[in-house]
Amino acid sequence: MKLSLQSIQDAQAWKGYHLPQYDVAAVAARTKAAPRWLHFGAGNIFRAFPCVVAQRLIENGNMDTGIVCCEGYDDEIVTSCFHPVDNLTIAVTLNPDGNIDKEVVGSLCESLTMKHDAARVAEIFRSDSLQMVSFTITEKGYSLRNAQHELMPAVAEDMANGPAGCKSFMAQLAALCIERFRAGAKPLALVSMDNCSHNGEKLQNAVMEIVEAWQKNGRISAEEAAYFTTGVTFPWSMIDKITPRPNESVEAELTAGGLEDIKPFVTARHTYIAPFVNAEKPQYLVIEDLFPGGRPPLEKGGIIFTDRDTVNRVEKMKVGTCLNPLHTCLAVYGCLLGYTSIAAEMKDEDLAQFITKMSHDEGLPFVVNPGIIDPEQFLDEVLTVRFPNPFMPDTPQRIATDTSQKLGVRFGETIKAYAASPDHKASDLKLIPLVLAGWLRYLTGVDDEGKPFDCSPDPLLDSLKKQLADAKLGGENNAEMLRPILSDASIFAVNLYDIGLAGKVAGYWQEMMAGPGAVRATIRKYVKG
């Protein structure tokens with residue numbers, strides 16, 4: 001049994017799967033003729049969440065077209081994964097009781113790449129029917145600069161040359177919007193669905209920097225530049241659904257049922273992909289309702305539309321207190337303590353107590369209730385249902401990726417709130433600085449048993465490891481070697497020396513560098529003490 005449009009016509013062969021309750025080919029034809037929704041970055045969370053929502057709306061008669069996806073970074077996702085299975089996906093929901101729900105998703109109706117299908121993508125942007133373009137390209141996808149804060153060469157070249165023949169993705173996107181302006185200037189919403197703070201603002205800033213450079217260089221007219229403020233919107237959003245890489249245990253269960261050719265693989269650009277996705281059941285997507293050309297009725301699929309301030313409060317609640325900081329804590333300490341499963345870490349009394357106390361005692365007091373989602377209920381679900389789910393194959397190593405880019409958002413806002421409070425000061429914090437110290441200990445690449453391990457990819461990893469090159473487990477470790485890191489506000493959102501927290505972080509780090517077993521001992525000392 002192989003995944004294909006022809007194969008799923010035999011419903012009996014696919015017993016146990018929810019199959020599309022509509023004519024997939026007919027929906028694809030309507031989508032191609034009049035596309036309403038284009039998505040860039042066709043990764044795992046996109047297929048596990050928005051595509052499933054779209055499928056449900058098509059089945060319920062709320063939508064009659066699906067989604068077109070395009071890859072601007074990793075062509076293999078489309079050419080080697082989507083095309084061979086007729087753009088279908090198997091969405092696997094991993095329930096806490098061990099049962100799995102299996103669904104064949106057919107709402108992804110056309111898959112393209114910027115490299116091979118640029119003319120078709122431009123045609124879609126010119127279409128009167130297009131209402132929204134969404135993105136899950138990761139936070140790095142919006143960056144125009146390298147780790148040294150210098151414009152990347154391709155971006156600088158695109159800024160100088162104008163919309164024709166752009167090489168960098170953000171410039172290509174801006175050029176496509178120019179195409180839309182020249183085809184009648186129909187309005188359009190560009191919607192980031194990436195898991196990062198102020199995602200719509202990041203997208204807008206990147207696009208507008210390019211547009212302003214083009215106008216300054218005489219490459220576009222004032223009217224074309226103005227379209228990006230009068231006809232294009234950049235709604236903010238908050239997305240939340242834990243979606244690990246395709247897991248071999250899930251593959252084994254699917255193949256045991258007769259499915260063939262679904263093996264996960266890694267592309268040349270290091271994307272982990274498969275014809276199936278595996279994810280938890282809980283999911284949240286909150287979007288600023290700012291769609292000048294209309295939008296699909298996604299609220300009928302459980303997506304929440306609200307104003308920007310509410311989106312911002314939800315995002316801060318989740319990213320700054322109730323989920324992401326806990327994930328980072330488990331990521332760095334999981335690597336140090338030899339774990340390869342988040343669920344297994346939740347059985348570790350020290351770590352479970354660590355994140356519970358940190359979130360309840362240090363984070364929640366400064367959370368503003370967004371109104372549409374209760375912070376305490378959300379946090380309780382994370383601690384008692386989501387993280388402990390033993391059937392979620394998520395790893396601390398995956399979550400530890402790009403930690404230097406996450407710390408400011410995940411911890412910086414709470415640190416700044418303590419520093420600004422008349423009743424508190426940053427130095428009151430005990431467990432948040434222990435996470436930061438744990439990250440510094442993690443950067444040494446030596447676990448709590450004294451064994452080397454590979455740190456996860458991070459754009460600052462090489463430079464950070466150089467600064468800690470003299471650190472030795474069990475040796476005399478001068479805290480001054482930490483000064484360039486702890487004073488870097490681009491990492492922590494604040495200079496930790498300026499707010500009186502650097503000494504505590506450095507002290508924790510020195511304790512954890514005392515020798516094998518010192519990480520565990522330090523956790524117990526400050527979590528239980």
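Which residue is the bridge partner of Leu94 in strand 5? In this predicted model, Leu94 is bridged to Ile100. That pair is a handy way into strand 4, so let's start there.

**Strand 4 and its neighbours**

Strand 4 covers residues 89-94, and it's mostly covered up: 6 of its 6 residues are buried. The side chains split into two sets, with Thr89, Ala91 and Thr93 pointing one way and Ile90, Val92 and Leu94 pointing the other. Whichever way they point, all of them are buried.

Strand 4 pairs with strand 5 and also with strand 13. Here's how the two pairings look:

| Partner of strand 4 | Sense | Bridges | One bridge pair |
|---|---|---|---|
| Strand 5 (residues 100-105) | antiparallel | 6 bridges | Leu94 with Ile100 |
| Strand 13 (residues 276-279) | parallel | 4 bridges | Val92 with Asn278 |

Strands 4 and 5 form a hairpin with 5 residues between the strands. If you're looking at the backbone in that hairpin, stop at Gly98, which takes a positive phi near 95°. On the strand 13 side, Val92 has Asn278 as its bridge partner, and Val92 is itself one of the buried residues of strand 4.

**Helix 12 against helix 17**

Now for a helix pair. Helix 12 (residues 324-336) packs on helix 17 (residues 407-420) at an angle of about 115°, and their axes lie 9 Å apart. The crossing is left-handed. Helix 12 brings Asn324, Pro325, His327 and Thr328 to the contact, while helix 17 brings Leu407, Arg410 and Phe411. What kinds of residues are these? The contact of helix 12 with helix 17 is a mix of 3 nonpolar, 3 polar and 1 charged.

**The cysteines**

How many disulfides does the model have? The count comes to 0 disulfides. Why is Cys70 without a bond? The closest cysteine sulfur to that of Cys70 belongs to Cys69, and at 7.3 Å it is too far for a bond, because a disulfide needs the two sulfur atoms within 2.5 Å. Cys177 is in no disulfide either: the nearest cysteine sulfur, in Cys166, is 12 Å away.

Are Cys70 and Cys177 buried or exposed? Cys70 has 0% relative accessibility, so it counts as buried. Cys177 has a relative accessible area of 1%, so Cys177 is buried too, given that the cut-off for buried is under 20%.

Technical notes. Residues numbered from 1 in each chain as written. Predicted model: local features only at pLDDT ≥ 70, side-chain atom pairs only at ≥ 80, totals over all residues. Heavy atoms only, no water. Buried < 20%, exposed > 50% of the residue type's maximum accessible area, 1.4 Å probe, protein only. Pairing = 2+ DSSP bridges. Axes fitted to C-alpha atoms, helices over the stretch in contact; angles between N-to-C directions. Left-handed = near helix turned anticlockwise from the far one by under 90°. Contact = heavy atoms within 4.5 Å. Nonpolar A, V, L, I, M, F, W, Y, C, P; charged D, E, K, R; others polar.
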